[in-house]
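Please look over the structure below, with attention to how its parts meet. The questions that follow take up those meeting surfaces in turn.

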2 protein chains.
Amino acid sequence: MSSVTINDVARHAGVSKKTVSRVINNEINVSEETRTKVMAVIHQLGFKRNPLGMALAKNRSLFIALLADNPSPGYLQKLQKGILQCCSEEHMGLFLYDCNYRSPTLVYEIEEFIDNTLADGLILVPPLSDKQELLDMLQRKRVRYIRIGPKDQDSDDCVSFNGVKAAYEMTQYLLRLHHKDIAFVLGHPDQESSHRCERGFRNAIADAGIALNEQLLVQGYYTHQSGVDAAATLLNRTPRPTAILAANDEMAVGVLYEAHRRGIKIPEELSVCGIDDISLTTKVWPNLTSMRQPINAIGYRAAFKLIKKLKGEVAASNDSGADIFDCELIVRESTSQPGR
Amino acid sequence: MSSVTINDVARHAGVSKKTVSRVINNEINVSEETRTKVMAVIHQLGFKRNPLGMALAKNRSLFIALLADNPSPGYLQKLQKGILQCCSEEHMGLFLYDCNYRSPTLVYEIEEFIDNTLADGLILVPPLSDKQELLDMLQRKRVRYIRIGPKDQDSDDCVSFNGVKAAYEMTQYLLRLHHKDIAFVLGHPDQESSHRCERGFRNAIADAGIALNEQLLVQGYYTHQSGVDAAATLLNRTPRPTAILAANDEMAVGVLYEAHRRGIKIPEELSVCGIDDISLTTKVWPNLTSMRQPINAIGYRAAFKLIKKLKGEVAASNDSGADIFDCELIVRESTSQPGR
DNA sequence: ATGCAAATTGACACCGGTGTCAATTTGCAT
DNA sequence: ATGCAAATTGACACCGGTGTCAATTTGCAT
């Protein structure tokens, strides 16, 4: 390897290594003259700080990790992309860890993961972000975290998405198309986002002055298969709903499948739409109408907040950027007026 | 934090910290008595070695990273899953890095990533695994790597998939169904796997004694859109092929889309199949017939080999497990005899 | 009991950084 | 020129481990 160390720089610049350390860390008490001289040597020698040495001395690795156990691979993938982009810009490594939300030893496993990597910042994806037992452990270990879309929106460690509005507007859109029997496939009951969507859906129906038929609400779990199952239930009802809105795209694609299997024409005989706008929406036929959630931006934002937090640059007044992201209706091929 | 250090253990056990270090590292020259005593203290105190201290002293972080820029998200996702499982078992952290294969500064960016994380082992996914310039840099930096599915199969740092056989057998399957006009959508010309599949396809056609119509080979790039485009070209030809085999599922799903858009019934009027068996195959309608590549196992195997390599336990005679994985035909709903 | 090689153990320096605190230098008022 | 506070700098110890090498202990033949 023979990489350049802080000692090499110190020797070449004729200063102590502590002074070089000061320059690297942008500390204030360094004369302009010294700073310039040291910077010149740093560039000349191509010095790069060894993150391990720093981590050991500071007792902070500055490594961050993404903890996930999410049933929608497309969602996770986009989130990951956004996070990675931020990490890349900030010269930060991202560890990945696959959890099993249902594991009885989940918290212990995560603790072990942290001990193995010394990650000192975590990004938590639902449903992990709502697990109090996990949050307690992290607090105890002084591991920082940012939660994606969790329950209480008021705290400063969250980045989330306006799920109520997303479902509300999507339902409004279907109502505008003159659909009356609109069914809704719920997400996983453990995840707050599912309840938010449900609220949006109910509000929209109520605001339109329609009495909601509770039969049209079916439990799902955010997985493809649960979408298929929910569709099977709904498509057996009489009268059959003319539109099905699923709480995420993964399930909406499941609905699409079951409808196709029964020979139901989409969108002529059934409108189908989802929420999230994952890449799957433009792969299936017909392309799925969805409510875009800026997943990339959410991931980027979460990573950004976490990194700033770790670096101590506490997101202050100059911290532009909201932590609750808005949605956008993307009309594609899977929705139309009923009976056409 | 106040974690237990090697010094604490040494004090409690009444030995030097070097001896504790010997016990931790399973070195031979430690008396049974001492080893037992130290182990007891380790368990009693809940000591865990600090990986950063070790990394600094040994100049080896034992961190590994997955470098990827693959056009099929489903493929990457499965691979990632397999890798993570192995990492978890081996108590190893996995860094993630998104590359842009087309970036002119790719190698430099990767070098910077390594400097930032000090990863000393890498898993390279196609098309990265064939980039000689990158391999040279890694060699120079003494960074170990395992390549997934690269060009030269003879070297010991590869884990790959029998693409020739996969395409050969899939084509045979279509021939058995009495298809005559079988089209093939090629993968990205920069990736060896594409050429392997092409060879398999050509061999199968030749072995069946059929003169291949070169018009039925269309260039793709492993992406969904390239599958759509290839299908558009193929479905305009007269006579129209009765079956389309794509070099990966991502493209096959694109073919499916284009066929649906044109109102072509699948599989009655057109059989479609792919290679890889990613999760997408069971989400689209109809479910896609595919040649299963044990992507999970490949990922696991790659991580396993890399970790053993880093830990110095050079995969020797006791290293069971092949490095070229075999395929398996998974017949689903998208293929049938022509004209039915 | 003695001698000797082999096995076991520990002292010390080091990996590449940072924190503390004292020493030195600077800049300004007098 | 002198005095003094503030700014700048460096010596040293330390973060949590491992490598080297010499010192000590053990086990066995004599």
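**Contacts with DNA strand D and between the chains**

Q: Which polar backbone atom lies 2.8 Å from a phosphate oxygen of DNA strand D?
A: This is a predicted model, in which local features need pLDDT of at least 70 and side-chain atom pairs count only at pLDDT 80 or more, while totals for chains, interfaces and linings use all residues. Residues are numbered from 1 along each chain as its sequence is written, chains are lettered from A and ligands numbered from 1 in the order written, and side-chain values use heavy atoms, without hydrogens and water. A polar side-chain atom of B:Asn25 also lies 2.8 Å from a phosphate oxygen of this strand, but the backbone atom asked for belongs to B:Ile6.

Q: How much area is buried between chain B and chain A?
A: Buried area is the accessible area (1.4 Å probe) that two parts lose on being put together, summed over both. Carbon and sulfur atoms give 64% of it here, and the total is about 4,300 Å².

Q: Which side chain meets that of B:Asp115 in a salt bridge?
A: A salt bridge is a side-chain nitrogen of Lys or Arg within 4 Å of a carboxyl oxygen of Asp or Glu, and the count between chain B and chain A is six. In the one formed by B:Asp115, the N to O distance is 3.2 Å and the partner is A:Lys48.

Methods
A polar contact is a pair of N or O atoms within 3.5 Å; within protein, one must be able to donate a hydrogen and the other to accept it, and residues adjacent in sequence count only if both atoms are side-chain atoms.
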